[in-house]
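Q: Could you take a close look at the interface for me? Please start with how far the model can be trusted.

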Amino acid sequence: MQGMLLKKQNGTGIFLTNDGTYCRGTINEETALGEEAPVIPPRRRRPSMWLAAAVFTVVCLGFGAYRFLQPSPWAYVAIDVEPSVEFTVDRGLAITGLKGFNFAGKKLVSDLGDLRGKPLDYGVECLLEKALAAGYLREGEDNIVMVTGTCGQEDERIGVEALAVMVADRYPVQRGKVEIVALCADTDVRRQALKTDLSSGRYVLQQELKRRGVNIAGRVLREESPLRLEKEHNLILSAIMDDKGWVLTRPESSYLERGQKPNVFFAAPIPAQEE
Amino acid sequence: MDGGTLGLLLARAKEGDADARNTLVEAHRSFIFNVVVSSCRRMLQWGRDDELSIGLIAFDEAVTRYEPERNVPFLAFARLVIKSRLANYFRQEVRRLSSGATNISEENLLDDTAAAWTEFLWDRSAQDRAEEIQDYEEALSEFGISLDELVHLSPKHRDSRMALIGAAKALAVENELFQRFGRKERLPVKKVSVKTGLSPKVIEKNRKYLLALAIIFRHPDRFIYLNSYIKR
């Protein structure tokens with residue numbers, strides 16, 4: 001764009017273009033008044049204090065809004081195989097956080113990457129597949145998966161039945177038996193569990209064992225798989241957890257015979273093992 | 001006279017067409033009159049004052065010497081030639097009055113160095129242009145308009161500008177409206193609306209911009225460079 005220079009002002013000038021625009025542009029010092037020259041828009045001036053203040057305000061409001069809009073945790077779902085991992089979910093059951101409690105759990109969380117925003121069942125599926133790939137779940141062998149839900153309010157989706165079905169549907173091992181122990185823990189239980197750095201499920205198990213006079217070191221309880229705990233301490237987890245009326249799930253028969261993933265079987269309360 | 005006709009007549013006049021030359025001179029008698037009067041700073045009359053005759057001769061000379069490729073509007077060049085010839089005349093008159101006799105003719109002297117003189121005129125055109133721009137800024141300030149505010153007031157859309165340029169031309173020929181402007185009265189938006197065909201809202205919004213352009217179009221002899229620059 002060309003313009004006739006009308007005024008010079010500290011390295012810039014006011015031009016009149018032949019289509020009637022009065023505009024500002026940078027000028028060559030040699031350009032004389034009335035001379036036609038290319039109109040180059042001047043560089044933007046540094047933001048004024050007002051602009052800086054406005055940006056600051058917007059940023060502050062933005063952060064405030066962000067905090068306001070950030071959904072507060074709605075529920076927590078802990079999965080214990082050998083890795084001990086807890087999902088934090090929002091009201092829509094989208095994952096907002098993931099935490100590993102033990103060494104295996106922390107490693108698995110780092111392998112899972114960022115699952116934030118993904119649905120809970122997808123996260124559980126990923127976790128179980130990673131556990132299978134890492135050898136924490138094994139084809140053709142018995143496995144135990146504990147799933148523990150904590151929700152501040154009543155929510156059927158976080159109920160024991162729903163959680164058990166979800167794990168069973170996403171369970172990746174085709175051969176061998178699995179026992180899915182689904183629990184519910186209230187927020188107080190979860191708070192106590194966090195103090196001892198255990199998942200809610202393992203904390204409930206610890207409390208039940210204590211009540212029955214069985215002492216297992218916290219470090220062992222945190223790091224071992226439920227299956228190994230059963231074997232090494234001669235326990236039946238389903239029986240231990242049963243007396244509070246929590247639901248236990250396990251397959252009716254071997255997966256090999258069915259040729260498909262197991263249906264979830266809700267066991268009737270199993271009588272406590274006689275000592 | 002529009003630019004196309006002027007260019008055509010100039011070309012023909014330079015090729016020796018006497019009719020074209022006469023047409024040009026006749027068409028620009030008022031221009032010549034205004035330039036001479038502004039230089040003499042007194043009222044003049046055709047047939048009585050020598051200055052006007054000098055102006056006519058100078059205009060004719062401008063037709064001869066004009067070079068379109070220099071990118072200077074013809075009328076600006078003609079104004080320079082007229083002013084230059086008048087300046088020579090005044091110097092000559094002063095010498096004649098002081099010595100009591102006419103010495104060497106300044107005109108003859110200039111004729112001897114015509115090429116150098118013409119080159120001087122072309123160089124002088126840059127200064128002439130700058131003076132015109134300063135004059136325009138002063139004219140704007142008389143109406144309380146600054147170039148800085150016009151930067152912000154210029155319509156962004158080309159169509160709007162074209163419409164306002166057309167309206168400014170219509171406004172420029174309205175003596176009464178312009179006199180009211182001169183008295184710094186409020187712009188009679190409704191009247192201007194009727195004259196220009198623009199809505200009162202557009203006129204009110206672009207009042208200063210419209211006036212800034214109208215000033216250019218109202219004084220084609222005074223703002224020759226600006227007039228020739230803005231698209232008609």
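A: Over residues 102-106 of chain B, pLDDT (the predictor's confidence in each residue, from 0 to 100) stays under 50, and the model has seven contacts (heavy atoms within 4.5 Å) for this stretch beyond four places in sequence. This is a predicted model, where local features need pLDDT of at least 70 and side-chain atom pairs count only at pLDDT 80 or more, while totals for chains, interfaces and linings use all residues. Residues are numbered from 1 along each chain as its sequence is written, chains are lettered from A and ligands numbered from 1 in the order in which they are written, and side-chain values use heavy atoms, with hydrogens and water left out.

Chain B averages a pLDDT of 81, with 87% of its residues at 70 or above.

Now to the interface: 21 residues from chain A meet 25 residues from chain B. About 1900 Å² is buried between chain A and chain B (accessible area, 1.4 Å probe, lost on being put together and summed over both), and carbon and sulfur atoms give 61% of that. Asn18(A), Asp19(A) and Tyr22(A) supply 36% of what chain A buries against chain B, more than any other three residues.

Charge plays its part too, with five salt bridges (a side-chain nitrogen of Lys or Arg within 4 Å of a carboxyl oxygen of Asp or Glu) between chain A and chain B. One of them joins Lys7(A) to Glu137(B), with the closest N and O atoms 3.4 Å apart. Strands (DSSP runs of E, at least two residues, numbered from the N terminus) S1 (2-9), S2 (12-16) and S3 (22-26) of chain A each supply at least two residues of the side that touches chain B. S1(A) gives the most to that side, with seven residues.

Technical notes
Buried area is the accessible area (1.4 Å probe) that two parts lose on being put together, summed over both. Helices (H or I, at least four residues) and strands (E, at least two) are DSSP runs, numbered from the N terminus.
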